[in-house]
Amino acid sequence: MADAVARFVPDGSTVAIGTSLEALIPFAAGHEMIRQGRRELELVGPISDALFDQLVGAGCVRQVTAAWVGNVSEGLGHCYRRACEAGIPRPLVVLDHTNFSISLALWAAAWNVPSLPTRTLLGSDILRTNPGLVAAGELVQVEAVRPDVAVVHVQRADAMGRAHAWGPLGVTEEAGLAAGRVIVSCEELVDPSVTLSDPNRILFPETKVVAVVHEPGGAHPSPVQGFFRRDHGFYRDYAEESRSVDGFQGWLNRWVTEVPDRAAYMSNVDSASLRITRHRPSEPADYGDE
Amino acid sequence: MSDYTPQELMVAVASREIQDGDLVFVGMRLPILAYAVARNAHAPNARGLFEVGLMRDQPAAGFLGTMGDPPNVAGALWATRMSNVMALMAQGHVDLGFIGGAEVDRFGNLNTSYVGDPAQPKVKLPGSGGGADIAILSRRWVALMRHERRRLVEKVSFVTSPGYGDGTPHWRKQNGLLGGGPEAIITTICVLRFPELGGEAYLASVHPGRTVEEVRAETGWDLKVADQVSETAAPSESELSAIRRFDPEGFWTG
C-alpha cells in the first residue's frame with residue numbers, strides 16, 4: 001500500500017474514494033495517505049462515511065466534491081465542521097452534490113462529455129454554491145468530475161487488476177471508468193482463474209488498474225460483504241474522540257501515524273468478533289461456450 | 001399500553017405513511033425501522049429501495065447501522081449501482097421517500113447543508129446525500145426530525161431539499177420539479193401536514209401528552225392549526241414489538 005500511494009497518489013491529486021457509500025471504504029489507503037503526509041488532495045465521493053472526515057482533519061485535503069460528509073451512524077463529522085467553519089486545520093473548498101448528481105458527474109467524465117443533463121437539483125440551493133451544476137430550463141447540466149485516481153476496496157482481485165466486488169456498488173463503476181487510474185485493495189488476492197471464471201463481476205477494465213494491494217481488513221471499520229461486519233462501536237468512539245482537535249490528534253496517533261501498516265492496525269482490532277462466519281455463497285453462473 | 005420513546009412513536013407514525021404496494025425510498029436511520037414495521041403489518045407488498053444500490057421486499061434479518069450493512073444485502077431483490085436506483089426515481093416509480101432534516105421551514109423546504117452564510121457557515125451540516133434527489137423526484141415524501149424552535153424556522157438559510165418553495169400555488173410544477181412534494185413532517189412532538197395542492201404546513205396531530213400551545217411555542221413561525229387537531233395514535237403493541245425486534249439495543253430508538 002505504501003508503494004501504491006507513493007507512486008500513484010501524489011500531492012494535489014483528485015482522488016475518488018469511498019464510492020460504495022458505507023461499505024468497502026478503503027480506510028487503509030486513506031490512512032496511508034495521511035502517514036505519507038499528502039497535501040492538497042481533492043476528494044471526490046458520494047458518502048464516504050468517516051474517511052473524508054479523517055483526511056480533512058489530518059490536513060491532507062484542499063477540496064471536497066461530495067454529496068454528504070460526516071459519520072453515517074453518528075451524524076456530524078467534527079473535523080469537517082472545524083475545517084468549514086473555522087479553517088482548522090486549514091480552509092476547505094466544498095463543492096456540494098447530491099448522490100444522483102455526483103454519479104452523473106462521474107458518468108460524464110467516463111463518457112468523455114463535458115456534462116450530462118438531469119431533472120434532479122431543480123429548486124435546490126446547491127445550484128447556487130456549486131458552479132459545476134447549471135440550471136438550463138427544466139434541466140440541470142452536471143459538469144464532468146474527472147478523478148486522477150480512484151481507490152477501491154473489494155472482496156477479491158487478481159494481480160492483473162481484475163477486481164470482483166459484490167453487494168451494492170454505489171458509484172464505484174463510474175468512478176473507476178472516469179478516473180485516469182485505479183488502485184485496488186482486496187481481502188483476497190486470487191488466481192486469475194477465479195476472477196476470469198466470472199467476467200461479469202469484474203468491476204473495471206484491467207487497463208485502468210495500476211496497483212493491486214492485498215490488504216485484509218483494509219476497509220475496517222466499514223463492512224465487507226461475506227468478510228466483515230460493520231464495527232459500529234469504532235465509529236461511535238471516533239465520533240466522541242474527534243469532537244476536539246486534541247482528541248482527534250490522539251485518535252490519529254493511535255490508529256494511523258504511530259501504526260506502520262494495516263497489518264499492525266488490524267492486530268489492535270478485535271477482528272474475530274467482526275468476521276462474518278455465516279456464509280451465503282451464490283450459485284455459480286455457467287459460461288459454457290459450445 | 002407500554003411506555004415508548006419519542007423515536008419509537010416517530011417510527012410507528014412513519015410506518016403508517018407507507019401504503020401497501022408502495023415502492024419506498026428508505027434512506028437511513030429511523031425510516032429503515034419504519035419500513036420494517038410497515039412490511040410486517042399493513043404493507044406486506046411494499047418494496048424498499050436504498051440509494052447505495054439495493055431493492056428488498058423484506059426487512060433485513062439483522063441490525064442495520066447503515067443501509068450498506070451486510071444483513072441488508074443478504075436476501076436482496078437487486079444489488080446494483082446507485083445510478084440504476086436513481087433511474088427508477090427519475091421515472092416517477094418511487095411512491096414514497098423518507099428524508100431526515102436538520103432545519104425545515106413553513107413550506108417544507110429542508111436544510112441539511114449550511115446554517116448561516118454558505119461562504120462562512122455558522123454550522124456545516126453533512127449535506128444532501130440523496131435527500132435532495134428524493135425531495136425533487138419521489139412522488140411524495142415525509143421528513144422526520146427533532147422538534148426544536150431552532151430547527152423549525154420561518155425560512156431556512158439554505159434549501160438543500162425543496163418542499164413547496166416560496167409557497168405560491170404550483171411552485172413545484174412551475175420550477176420543473178417532477179415529484180409531488182412533502183406530505184408530512186413527523187417530529188418528536190407532533191405531525192405537520194400540507195394542503196392537497198401544497199403550500200404551508202399545518203398542525204395535524206399532537207403526540208400523546210403534548211399540547212397545541214406547546215407545539216406552537218416550539219415552532220419558529222406562526223404555525224397554522226387544523227380545524228380539528230387529533231392526538232397522534234400511540235404505537236400499538238405489535239408496532240412496538242416489531243420496532244424492538246429490529247432495533248433490539250435501542251440504537252436508533254432508545
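**Exercise 1. Describe the burial of helix α3 of chain A and its packing against α2(A).**

Solution. In this predicted model, the buried residues of α3(A) are A:D49, A:A50, A:L51, A:F52, A:D53, A:Q54, A:L55, A:V56 and A:G57. That is nine of the nine residues in the helix, so α3(A) is mostly covered.

Next, take the neighbouring helix. The axes of α2 (residues 27-35) and α3 (residues 49-57) of chain A come within 10 Å and cross at roughly 0°. Angles under 35 degrees count as roughly parallel, and α2(A) and α3(A) are therefore roughly parallel to each other.

Then list the residues that meet. From α2(A) they are A:F27, A:G30, A:M33 and A:I34, and from α3(A) they are A:L51, A:Q54 and A:L55. Sorted by class, this contact has five nonpolar and two polar residues, with no charged ones.

Finally, look past the end of the helix. A:G59 follows α3(A) and has a positive phi, near 80°.

**Exercise 2. Determine the strand order of the three-stranded sheet in chain A, and find which helix packs on it.**

Solution. Start with the order: the sheet is open, runs β7-β9-β8 in chain A, and its pairing is antiparallel. The edges are β7 (115-118) and β8 (133-136) of chain A, each of which pairs on one side only. On average, and with direction ignored, neighbouring strands are turned by 25° against each other.

Now take one pair. β8(A) and β9 (residues 139-143) of chain A are joined by four bridges in the antiparallel sense. Within this pair, A:V134 has A:Q141 in β9(A) as its bridge partner.

The last step is the helix. Helix α5 (residues 99-110) of chain A packs on the sheet and touches β7, β8 and β9 of chain A. The direction of α5(A) makes about 145° with that of β7(A).

**Exercise 3. Is chain A as compact as a globular protein of its length, or less so?**

Solution. First count the elements: chain A has 12 helices and 13 strands. Its radius of gyration is 19 Å, close to the 19 Å that the globule rule gives for 290 residues, so chain A is as compact as a globular protein of that length.

Three further values complete the description. Along the principal axes, the C-alpha atoms of chain A fill a box of roughly 55 × 50 × 35 Å. Of the 290 residues, 54% count as buried. Among contacts in chain A with a separation of 6 or more, 72% are between residues 24 or more positions apart.

**Exercise 4. Place strand β5 of chain B within its sheet and describe its surroundings.**

Solution. Begin with the whole sheet. It is an open sheet of 10 strands in chain B, with the order β4-β3-β2-β1-β5-β10-β11-β12-β13-β14 and mixed pairing. The edge strands are β4 (78-79) and β14 (224-231) of chain B, each pairing on one side only.

Next, read off the neighbours of β5(B). On one side, two bridges join β1 (residues 23-25) of chain B to β5(B), and the two run parallel. Here B:F25 has B:G97 as its bridge partner. On the other side, five bridges join β5(B) to β10 (residues 140-145) of chain B, again in parallel. B:G97 has B:W141 as its bridge partner in β10(B).

One step further out, β1(B) pairs with β2 (residues 47-50) of chain B in the parallel sense over three bridges. In that pair, B:V24 stands opposite B:G48.

Now consider the side chains. In a regular strand they alternate between the two faces of the sheet. In β5(B), B:L96, B:F98 and B:G100 point one way, B:G97 and B:I99 point the other way, and all are buried. Five of the five residues of β5 (residues 96-100) of chain B are buried, so the strand is largely enclosed by the rest of the structure.

**Exercise 5. Characterise the side of chain B that touches chain A.**

Solution. The contact takes 45 residues from chain B and 49 residues from chain A. On the chain B side, α3 (70-73), α4 (82-90), β9 (123-124) and α5 (131-137) each supply at least two residues. By class, this side of chain B divides into 23 nonpolar, 16 polar and six charged residues.

**Exercise 6. Locate B:Q19 and state its exposure.**

Solution. B:Q19 lies in the loop between α1 (6-16) and β1 of chain B. It has 15 other C-beta atoms within 10 Å and is partly exposed. The C-alpha atoms of B:Q19 and B:P44 are separated by 9.2 Å, with the two residues 25 apart along the chain.

How values were computed. Residues numbered from 1 in each chain as written. Chains lettered and ligands numbered in written order. Predicted model: local features only at pLDDT ≥ 70, side-chain atom pairs only at ≥ 80, totals over all residues. Contact = placed C-beta atoms within 7 Å. Nonpolar A, V, L, I, M, F, W, Y, C, P; charged D, E, K, R; others polar. Axes fitted to C-alpha atoms, helices over the stretch in contact; angles between N-to-C directions. Parallel < 35°, antiparallel > 145°, perpendicular 65-115°, else oblique. Buried ≥ 20, exposed ≤ 12 C-beta atoms within 10 Å, placed from the backbone. Pairing = 2+ DSSP bridges. Rg over C-alpha atoms; globule rule 2.2 N^0.38 Å.
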